[in-house]
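Student: I have a model open and would like to go through a few of its helices. Can we start with one residue and work outwards?

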Amino acid sequence: MCENHEGARSGPAYPTFDECVRFHGHSCPGLATGYRVATAAMRTLGVDRPYDEELVCVAETDACGVDAVQMVTGCTAGKGNLVIRDWGKHAFSFFSRESGRAIRILVKNSGISGRSAIDDLRKKVFSGTATPDEEATFRGMMAETTRYLLSAPESNLLEIREFTGKPPEKARIFASVVCEVCNEPVADARTKIVGGRRVCIPCSLAGESPERP
Ligand SMILES: [Zn+2]
Ligand SMILES: [Zn+2]
């Protein structure tokens with residue numbers, strides 16, 4: 001039984017993995033992992049469909065899986081209910097504003113066979129030194145791993161633990177000021193005083209004659 005595709009008609013109404021692939025741009029193990037995390041979070045917290053700001057997510061990674069989390073849970077960077085603290089961990093905390101419950105989901109390292117072989121091939125593929133055969137092997141292994149991650153028993157992949165905690169503060173609306181170097185409007189709370197002038201972050205980093213993007 002795979003709960004992630006189609007499902008019962010009366011079941012959860014969150015997006016399918018294919019919809020996440022369309023959003024993300026490609027199918028990959030990271031996205032599959034994020035999909036399992038997101039659907040596990042929804043089920044554990046009893047949320048059937050993403051709706052406005054009911055959930056808050058703190059992601060401890062900025063990798064591919066975050067896109068599935070945004071798509072499935074409705075926690076998005078733009079709304080401010082997705083906070084990315086890139087600590088390089090495949091861990092995600094979810095807070096339900098409605099119930100006050102909080103869970104942290106840690107992606108286990110075990111369960112993926114042939115990981116070091118994939119890592120070796122990845123280095124070759126991304127440094128351009130892989131033969132066409134090695135590249136095909138790499139793509140095949142990635143696809144196989146993705147399939148495994150979508151269908152493996154949840155307990156093999158994820159550690160879910162409930163904890164007591166509050167979501168990070170909601171983003172406030174900041175007063176807008178004008179940077180005294182580039183003259184662009186900027187949120188007051190994000191400015192710095194440099195040499196007696198109120199400047200935006202890029203200008204504070206670039207000094208007096210910043211290179212503009
Ligand atoms: Zn990806
Ligand atoms: Zn500026």
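Tutor: Fine. This is a predicted model. Beyond its neighbours within four places in sequence, A40 is in contact with I105, E154, L158 and I160.

Student: Which helix does A40 lie in?

Tutor: A40 belongs to helix α2.

Student: How far apart are A40 and I160, in sequence and in space?

Tutor: They are 120 residues apart in sequence, and their C-alpha atoms are 8.5 Å apart in space.

Student: Why does A40 count as partly exposed?

Tutor: It has 19 C-beta neighbours inside 10 Å, and a residue is buried only if it has 20 or more.

Student: Back to α2. At what angle do α2 and α3 pack?

Tutor: About 35°, with the axes 7 Å apart. The crossing of α2 past α3 is right-handed.

Student: Which residues meet there?

Tutor: On the α2 side they include L31, Y35, V37 and M42, and on the α3 side they include V66, V69 and V72. The residues of this contact divide into 10 nonpolar, 6 polar and 1 charged.

Student: Different topic: which residues of α5 are buried?

Tutor: F138, M142, T145, T146 and L149. Down the axis of α5 the buried residues fall within an arc of 105°, so they line one face of the helix.

Student: What covers them?

Tutor: The cover includes α2, α4 and α6.

Student: And which residues are exposed on the other side of α5?

Tutor: P132, D133, A136 and G140 are exposed there.

Student: How many residues does α5 have, and how far does it reach?

Tutor: Helix α5 has 20 residues and reaches 29 Å from first C-alpha to last, close to the 28 Å expected.

Methods
Residues numbered from 1 in each chain as written. Chains lettered and ligands numbered in written order. Predicted model: local features only at pLDDT ≥ 70, side-chain atom pairs only at ≥ 80, totals over all residues. Axes fitted to C-alpha atoms, helices over the stretch in contact; angles between N-to-C directions. Helix = DSSP H or I, 4+ residues; strand = E, 2+ residues; numbered from the N terminus. Left-handed = near helix turned anticlockwise from the far one by under 90°. Contact = placed C-beta atoms within 7 Å. Nonpolar A, V, L, I, M, F, W, Y, C, P; charged D, E, K, R; others polar. Expected span 1.5 Å × (residues − 1). Buried ≥ 20, exposed ≤ 12 C-beta atoms within 10 Å, placed from the backbone. Arc of directions from axis to C-beta.
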